[in-house]
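Dear colleague,

Please find below the structure that I am handing over to you, together with its sequence. My findings follow it.

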Amino acid sequence: MDFRKIANEFKTPTYVYDQNKIEKNYQKLYHAFSSHYKNFKIHYAVKANPNPAIIKILLDQGAGVDCSSPGELEAALRAGTKKENILYTGNYESQEDLSQILNADIKFNLDDLTSFERLLEIRKTDFVSFRINPGMGKGGHEAVVTGGTDAKFGIPYEKAFEAYKIAKEAGVQRFGLHMMTGSNNLEPYFFREAVEKLMEIGGDIFNRLDIKPEYVDIGGGFGIPYTEEDVYLDVELLGRLVCEKFTKKLDEYSLGRPQLLIEPGRYLVGNAGILITSVTGVKESYRTFVGVDAGMNTLARPALYQAIHRVSTPYNSGPTRKMNLCGQVCENADIFAKNLDLPKNLKEDDLVLLHDVGAYGFCMSSVYNGRPRPAEILINSDQSKLIRRRETIEDLFQFYP
Ligand SMILES: Cc1ncc(COP(=O)(O)O)c(C=O)c1O
């Protein structure tokens, strides 16, 4: 990629996404599962990157979507997703959220029995799927562990039978089963263990109530390496382990061959994004700081999760020295990396790139400190296209009366 050309044309900071990488990620993950279980579908977790142009790339590959809010649902619809390809997995859904789900006529994974009771106040339904907390969870940071006893998500598995029983008694005839145990997990054997647990919980429930699931959704959470030290998640192994266990449990509980769904976000788009920033100042303080025009307002993960993103300086080389890379926000949490080896000749206006920002990057950005959000660009082969214009200071004031 000619980052200088992109920076000249679109200014900085700018998020740049590589369409080819997204397509390759999808194909790799799809084949890893579908070669072991035919009735399989990927629902892209829109929350990772809700730009409609990104959603569209994945729809064209054959994906459905998973949305977690009415706003994400709107993004999916604007990208052209057909309603039969939309899943909705929220948590603590309000009446308004539930009304929107029902009006959109899409499938949903409800977070609790109380959500189902609220939904019945609006209208009867012949379909329900519940998100089950299988009592175990794992993620790349404690904030993204979404299963186990400390997680706010899903129905504790001990209470799951009661939920499905009540739903059946309320006239529901079509069922799904869901879990999501954590994000950025790099261990394939964990996923197999979680699937085994979910299928034992679900199998017992479905057998006792004499019902069968239309689908089993085992969530997303498939991690990517952010540093040179991180391992790659072996998705071939993951697909085989999960599908073998899944099929075995289906046979054990005589559940036929329901659809197996996964809802990855990070794995599909994470490594396809780069944030281009420009150096705004180099300061010799007690340490050497390199300030750039992006900060925790542009990319929140380092401040939020102490996440590490690889940094590169494509147009500077030569001898290096230890520097701290920071943004312009008035907080000392606004540091992307400490003690990085960066070229000594780095100076104002030089470009610094932050890698693997395609997931949970732009969508977690804010206008904190009165900084408008950056532009988003999509690269397809050597064509670059603006897919979200840079916000302006004027934009910041559009909501005030
Ligand atoms: C319900 C649900 N599904 C899917 C995802 C996507 O997770 P990931 O991007 O780790 O694949 C999340 C992320 O938190 C989620 O909460």
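I begin with a contact between two helices. Gln19, Ile22, Glu23, Tyr26 and Gln27 of H2 are in contact with Ile54, Ile57, Leu58 and Gln61 of H3. By class, this contact of H2 with H3 has 5 nonpolar, 3 polar and 1 charged residues. Please note that the model is predicted. Helix H2 covers residues 19–34 and helix H3 residues 52–61; their axes come within 10 Å and cross at roughly 40°. H2 and H3 are therefore oblique to each other, and H2 passes H3 in a right-handed crossing.

A second helix pair is formed by H5 (residues 95–104) and H6 (residues 113–122), which pack at an angle of about 65° with their axes 10 Å apart. That angle makes H5 roughly perpendicular to H6. The crossing, in which H5 passes H6, is right-handed. On the H5 side the contact is made by Gln95, Leu98, Ser99 and Leu102, and on the H6 side by Ser115, Arg118, Leu119, Glu121 and Ile122. These residues of the contact of H5 with H6 divide into 4 nonpolar, 3 polar and 2 charged.

The third pair consists of helix H8 (residues 188–209) and helix H9 (residues 235–252), whose axes lie 9 Å apart at an angle of about 15°. That makes H8 roughly parallel to H9. The crossing of H8 and H9 is right-handed. From H8, the residues Pro188, Tyr189, Phe191, Arg192, Val195, Glu196, Met199 and Glu200 meet Leu237, Leu238, Leu241, Val242, Lys245, Phe246, Lys249 and Leu250 of H9. By class, the contact of H8 with H9 has 11 nonpolar, no polar and 5 charged residues.

I turn next to the backbone. Most residues other than glycine have a negative phi, and most peptide bonds are trans. Two places in the model merit a look in this respect. Threonine 12 and proline 13 are joined by a cis peptide bond, with omega about -5°. Proline 13 is placed in the loop between helix H1 (3–10) and strand S1 (14–18). Asparagine 184, although it is not a glycine, has a positive phi of about 60°. This asparagine 184 belongs to the loop between strand S8 (174–178) and H8.

Finally, I describe the open and enclosed spaces. The largest pocket holds about 520 Å³ of space. Its lining comprises 27 residues, of which Lys47, Thr146, Met180, Ser183 and Tyr360 lie nearest the centre of the pocket. Helix H10 (266–269) and helix H11 (301–305) are the elements that give two or more residues to the lining of this largest pocket. By class, the lining of the largest pocket divides into 11 nonpolar, 8 polar and 8 charged residues.

As for enclosed space, the structure holds 1 cavity of 30 Å³ or more. About 30 Å³ of space lies in the largest cavity. The lining of the largest cavity is made by Asp293, Gly295, Asn297, Gln328, Val329, Asn369 and Arg371. Of the residues in this lining, 1 is nonpolar, 4 are polar and 2 are charged.

With kind regards

Technical notes:
Residues are numbered from 1 along each chain as its sequence is written. This is a predicted model: local features need pLDDT of at least 70, side-chain atom pairs count only at pLDDT 80 or more; totals for chains, interfaces and linings use all residues. Side-chain values use heavy atoms; hydrogens and water are left out. Axes are lines fitted to C-alpha atoms, for helices over the stretch in contact, and angles run from 0 to 180 degrees between N-to-C directions. Helices (H or I, at least four residues) and strands (E, at least two) are DSSP runs, numbered from the N terminus. Angles under 35 degrees count as roughly parallel, over 145 as roughly antiparallel, 65 to 115 as roughly perpendicular and the rest as oblique. A crossing is left-handed if the near helix is turned anticlockwise from the far one by less than a right angle, and right-handed if clockwise. Contact means heavy atoms within 4.5 Å. Ala, Val, Leu, Ile, Met, Phe, Trp, Tyr, Cys and Pro count as nonpolar, Asp, Glu, Lys and Arg as charged, and the others, Gly among them, as polar. On a 1 Å grid over the protein atoms alone, a cavity is a set of points where a 1.4 Å probe fits but cannot get out, and a pocket is an open set with protein on both sides within 12 Å along at least five of seven lines; lining residues have an atom within 4 Å of a point. Grid points are joined across faces, edges and corners, and a volume is the space filled by probe spheres set on the points.
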